[in-house]
Amino acid sequence: MILGLFTAVFGSPRVALERLVVVLMLAMTEDQVLLIEAAREFAESELLACDRAWDEDESSMVEVLPQLAEMGFLNLCISEEYGGLGCTYRTYARILHEISRYSPSTAVSLSVHNMVGMVVRDFALEQKKNEWLSQWGTPESFAAFALTEAGAGSDPGASKTTARKVEGGYRVNGEKMWITNGMHARWFVTLARTDQPGQKSGLSALLVDGNETGIGRDKILGKMGIRGSETAVIHYDDVFVPDDHLLGNEGEGMKACLSALDGGRIGIASQASGIAQACLDEMAAYAKQREQFDQPIANFQAIQEMIADSFTELSAARALIQSAADLMDSGDLEPAASAKAKLFASEAANRIAYRAVQIHGGSGYVKECRVEQLARDVRVTTIYEGTSEIQRVIIARDLLRGH
Ligand SMILES: Cc1cc2nc3c(=O)[nH]c(=O)nc-3n(C[C@H](O)[C@H](O)[C@H](O)COP(=O)(O)OP(=O)(O)OC[C@H]3O[C@@H](n4cnc5c(N)ncnc54)[C@H](O)[C@@H]3O)c2cc1C
């Protein structure tokens, strides 16, 4: 019956069948819908209070890693073959949105950990995949993505960290900066130069074991927001990395890292949409409860405009995220699709957080009020995993190539 309906819409039975397969593939199973709801309930009851406390004293979200592992959130996108939940990217994005709504710090930490899992899935040697991915859902496999250096931010090709070839592997030397999950991660995808003297083989991606001798970690303190998420400087002092920890081919590390970021940006966009959702929840509740001129401020058109604009922008952001996630699920994700989702969601979320503070008036300007924290947490979403300016470069390049 459904096929008949699709044939009537698409004309040809073959096209109808193809479309139906895609729709069925992308449809959420009942389990996935329940998982999203469980994520929301868990985040509200377990993470919100922690997130407020982490913001206060800059302690780390790693204290909730055991609960996150128990819920299956550490291996959401890892296939069932390796013991993961095998979620579609659409479901994954929705889960991050719900978690971010109550804890933006947990959302970014999970996003990075899951992104690294996908780099391992896509680029590790077959014989290592099972060993690593079967453990991915445990706190002991917590992972980080080490691309940025003090002198190589938007331009990771300028990385100076080196991986010198030695018998059986590499010796890594250098320093990575701003590394999320850096204080407790076991695994670090690390971009390093594998140029040999006299040749230019470029940059390679290695899975570095944080337990190896020579790894040093310094916590970056004093962040404006997402203060529960660890950010660290990682020092590599002649760290040994076995040959079979190479991800992809030698010299093709940028390919692995950039493809990771294509998916990662959907995660950051979802983090931003979750923060925007929290701001919208807060502004609507406050507008109905706060009275001025003998009536709720929600009655004033100026307030309604801010709420309406926020709701509309959030809906648009979520549509872009879903569209990019669906492309990821069907294997057709182009860099520009996740760049658009991240650019729009992060910038819209910043505007929405601004309005949330505005609607709260003076009350929104003190720590006691959650929107004060959300307005700080949201700021970084236009910066990490590629600034808004870099997203625009990716989007414009894509458009101009087609003209
Ligand atoms: C809290 C936090 C967590 C992070 N986590 C990680 C992590 O886990 N792993 C990791 O590898 N990195 C991480 N980063 C680093 C982050 O990805 C970089 O900060 C970001 O890519 C920008 O690099 P930069 O800070 O060196 O800024 P720069 O590259 O120096 O940019 C400065 C300004 O110049 C602009 N600019 C640069 N180049 C261009 C251009 N071509 N066109 C137009 N404008 C341009 C930028 O948009 C920006 O406005 C994190 C950063 C923060 C703050």
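**Exercise 1. In this predicted model, find how far apart the C-alpha centres of domain 1 and domain 2 lie, and describe the side of domain 1 that touches domain 2.**

Solution.
- Start with the distance: 24 Å separates the C-alpha centres of domain 1 and domain 2.
- Next, count the residues in the contact: domain 1 supplies 24 and domain 2 supplies 21.
- Now look for the elements on the domain 1 side that give two or more residues; these are α3 (30-57) and α6 (104-123).
- Of the elements on this side, α6 gives the most, with 12 residues.
- Finally, sort the residues of this side by type: 13 are nonpolar, 6 polar and 5 charged.

**Exercise 2. Work out whether Q271 is buried or exposed, and list its contacts beyond four places in sequence.**

Solution.
- Locate the residue first: Q271 sits in helix α8, which covers residues 253-289.
- A residue needs 20 or more C-beta neighbours within 10 Å to be buried. Q271 has 37 inside 10 Å, so Q271 counts as buried.
- Leave aside the neighbours within four places in sequence, and Q271 touches L96, S100, P104, A107, V108, S111 and T381.

**Exercise 3. Check how the radius of gyration of the protein agrees with that of a compact globule.**

Solution.
- Take the chain length, 403 residues; a compact globule of that length would have a radius of gyration near 22 Å.
- The protein has 22 Å, so the two agree.
- For a view of the extent, the C-alpha atoms fill a box of roughly 80 × 60 × 45 Å along the principal axes.
- To finish, note that 47% of the 403 residues count as buried.

Notes:
Residues are numbered from 1 along each chain as its sequence is written. This is a predicted model: local features need pLDDT of at least 70, side-chain atom pairs count only at pLDDT 80 or more; totals for chains, interfaces and linings use all residues. Helices (H or I, at least four residues) and strands (E, at least two) are DSSP runs, numbered from the N terminus. A residue is buried if 20 or more other C-beta atoms lie within 10 Å of its own, exposed if 12 or fewer, and partly exposed in between; C-beta atoms are placed from the backbone. Two residues are in contact if their C-beta atoms, placed from the backbone, lie within 7 Å. The radius of gyration is taken over C-alpha atoms; the globule rule is 2.2 Å times the number of residues to the power 0.38. Domain bounds come from an automatic or database domain assignment. Ala, Val, Leu, Ile, Met, Phe, Trp, Tyr, Cys and Pro count as nonpolar, Asp, Glu, Lys and Arg as charged, and the others, Gly among them, as polar.
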